[in-house]
Amino acid sequence: MKKPPTLAGRTDPVFDLLARSPHKQRLADYLALLKPLDDQGRYLPFEALRYRWAAGLDANLCWALVKKARAAQYIHLLPLGEPVQWGKYVPTPLAQKTLAVVDRYASTAALDYMTSQIGERAHFSCLLNDLIEDEAIASSQLEGAATTTRVAKDMLKHQRQPRTPDERMVMGNYRMMNFAWEKRYEPLSIELIAEIHRVGVEGIDDEQYSPGLFRTNDEVVVQDGSGNTVHRPPPAAGLVARLARLSAWINRPAASILDKNYLHPLIKAVTLHFAMGYEHPFRDGNGRVARALFYWFMFKHEFAAFRYIAISLLLRNAPVKYGRSYLHTEADELDLTYFIEFQCAVILRAVVGFITVYRKSLADTQDFEHWLTSSGVIAQLTERQRAVYQVAKSGEAKEFTASNVAENFSCSGSEAASILEELDQLQLFERRKMGREWVFFLRSSLRGGKHGSELNRPHVVTT
């Protein structure tokens with residue numbers, strides 16, 4: 001057996017310092033910091049960690065030990081910016097948990113299974129369409145759109161033309177999400193990046209956004225709420241070449257899951273999100289493009305449930321943390337772990353929300369089926385009538401018109417009108433004239449309980 005060599009001495013400056021006074025008297029305290037995470041399993045930046053170290057320890061030496069532990073676990077992702085720096089990250093427990101949840105619940109196969117379990121495919125599709133709208137609206141609000149969620153949903157459901165720049169932003173994001181889905185099998189390219197920007201911002205304020213055109217100067221900066229510049233993107237010179245390099249990395253065939261270089265699609269999608277925000281290739285609308293490309297990449301890798309998982313809804317509620325995750329990464333030698341950790345926390349919550357919608361829908365459907373069977377109404381309802389009624393009972397939608405039923409349930413206007421008319425005749429729905437259109441909604445006697453009390457059960461009209 002060959003014995004390990006005897007170390008003649010240390011050449012590492014960090015450990016050399018630890019061997020000297022006054023640090024060697026606190027050696028155990030220092031060595032306890034030689035790990036990438038804090039005692040609560042968090043991957044914190046220097047500004048947060050420096051307040052958690054024991055009194056009397058040298059902050060620079062503490063940080064050097066943390067960085068040494070992190071550097072030993074870095075996975076190098078891709079070169080970014082000019083001059084080039086390598087973006088890297090450390091796998092963390094939160095990221096691993098998020099990947100497991102995404103694999104289990106957000107794949108195309110998982111979505112197909114959920115839909116088959118619901119049975120009422122049209123009903124579940126209607127709920128999912130609401131989540132698509134949520135993402136488009138929240139992404140716009142995150143960028144400063146002032147329109148309310150209610151008004152924006154009304155515009156999207158009725159497919160009316162936007163009336164204000166804010167509404168045009170929402171409509172642009174809605175089109176961008178659908179465009180990302182349609183183009184999911186195309187490779188990333190300079191042309192696709194430009195096109196997704198054009199689809200998202202064209203018609204809002206073309207002079208401000210320059211739809212589909214990359215910036216040609218270095219006047220674009222990112223500012224905080226007080227007007228302070230917090231990020232200067234890499235120079236416009238070489239931008240197209242850097243985007244081509246990013247596209248080549250994205251288009252690289254995925255390694256086998258058994259390969260040591262395997263990178264989960266979610267980590268790669270989040271990295272793409274960061275890279276687009278970091279490069280800031282357009283005059284405006286960069287955040288929307290970055291988020292849309294995240295979805296595009298997840299669609300490409302058969303995570304179809306992300307079409308219905310509204311991440312921006314949660315980002316909108318934590319815009320400061322979202323911005324800081326970029327800044328911490330840039331300040332710490334492009335350590336993307338900060339950004340990946342924040343995004344994983346958001347994605348985990350969003351997927352759990354999606355699962356909650358599914359489970360509630362499944363429970364409501366089963367309960368509704370039981371009631372329909374016991375009440376005798378089931379013989380008179382078509383599949384689409386049941387689906388519309390179930391959506392109303394779930395509270396996901398409160399008002400129905402022939403036009404939005406036709407849109408959400410993929411049927412003709414006359415068939416949609418017939419569905420609503422018959423639900424009204426069965427006294428499950430009631431109607432009210434609003435302008436030139438009849439609006440149907442769940443009969444008030446059915447709104448109090450799960451399916452109304454026995455006294456409030458609808459009278460079945462026989463024909």
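Glu195 and Arg198 both sit in helix H10 (residues 190–201). They are three residues apart, about one turn of the helix. The two side chains form a salt bridge, with the closest N and O atoms 2.5 Å apart. Side chains of opposite charge can pair when their charged atoms come close. This is a predicted model, so the geometry here is that of a prediction.

Arg198 has a second partner. It also forms a salt bridge with Glu202, where the closest N and O atoms are 2.6 Å apart. How buried or exposed are these residues? Glu195 has a relative accessibility of 28%, so it counts as partly exposed. Arg198 is at 27% and therefore also counts as partly exposed. Glu202, at 42%, is partly exposed too.

The structure holds 13 salt bridges. Another of them joins Asp29 to Arg26, and the closest N and O atoms are 2.7 Å apart. Asp29 is partly exposed, with a relative accessible area of 35%. Arg26 counts as partly exposed at 27%. Elsewhere, Lys67, Asp332 and Glu333 are linked in a network of salt bridges.

Now step back to the whole chain. It contains 20 helices and six strands. Of its 463 residues, 51% are buried. Many contacts span long stretches of sequence. Among contacts between residues at least 6 apart in sequence, 65% join residues at least 24 apart.

How confident is the prediction? The mean pLDDT of the chain is 84. A value of 70 or more is reached by 84% of the residues. Residues 448–463 are another matter: pLDDT stays under 50 over this stretch. The model still has 33 contacts beyond four places in sequence for these residues.

Strands S1 and S2 form a hairpin. S1 covers residues 75–80 and S2 covers residues 85–89. The two pair in the antiparallel sense over five bridges. Which residue in S2 is the bridge partner of Leu78? The partner is Gly87. Four residues lie between the strands of this hairpin. Gly81 takes a positive phi there, near 75°. In a regular strand the side chains alternate between the two faces of the sheet.

Follow the chain onward from S2. Thr92 lies in the loop between S2 and helix H5 (93–105). Is Thr92 buried or exposed? Its relative accessibility is 2%, so Thr92 counts as buried. Leaving aside neighbours within four places in sequence, Thr92 is in contact with Leu37, Tyr43, Thr337 and Glu341. Consider also Thr92 and Ile340. These two are 248 residues apart in sequence. In space they are 9.5 Å apart, C-alpha to C-alpha.

The nonpolar interior comes next. In soluble globular proteins, nonpolar side chains tend to be buried together. The largest nonpolar core in this model has 78 residues. Which of its residues touch the most other members? They are Phe294, Phe306 and Ile311. Helix H17 (residues 337–375) gives the most to this core, with 13 residues. Apart from it lies another core, of 23 residues. Val391, Phe429, Phe440 and Leu442 are among the residues of that other core.

Return to Phe294 for its surroundings. Neighbours within four places in sequence are left aside here. Phe294 is then in contact with Leu266, Ala269, Val270, His273, Phe306, Ile311 and Ile347. Phe306 and Ile311 thus appear both as contacts of Phe294 and beside Phe294 among the residues that touch the most other core members.

Helix H19 (residues 402–409) also has buried residues. These are Asn404, Val405, Ala406, Asn408 and Phe409. Ser410 follows H19, and its phi is positive, near 50°.

Last, the cysteines. How many disulfides does the model contain? With a cut-off of 2.5 Å between cysteine sulfur atoms, the count comes to zero. Cys62 has a relative accessible area of 0%, so it is buried. Cys344 counts as buried as well, because its relative accessibility is 0%.

Definitions and conventions. Residues are numbered from 1 along each chain as its sequence is written. This is a predicted model: local features need pLDDT of at least 70, side-chain atom pairs count only at pLDDT 80 or more; totals for chains, interfaces and linings use all residues. Side-chain values use heavy atoms; hydrogens and water are left out. Two strands pair if DSSP finds at least two bridges between them. Buried means under 20% relative accessible area, exposed over 50%, partly exposed in between (1.4 Å probe, protein chains only). A nonpolar core is a set of buried Ala, Val, Leu, Ile, Met, Phe, Trp, Tyr and Cys residues joined through side-chain atoms within 4.5 Å. Contact means heavy atoms within 4.5 Å. A salt bridge is a side-chain nitrogen of Lys or Arg within 4 Å of a carboxyl oxygen of Asp or Glu. pLDDT is the predictor's confidence in each residue, from 0 to 100.
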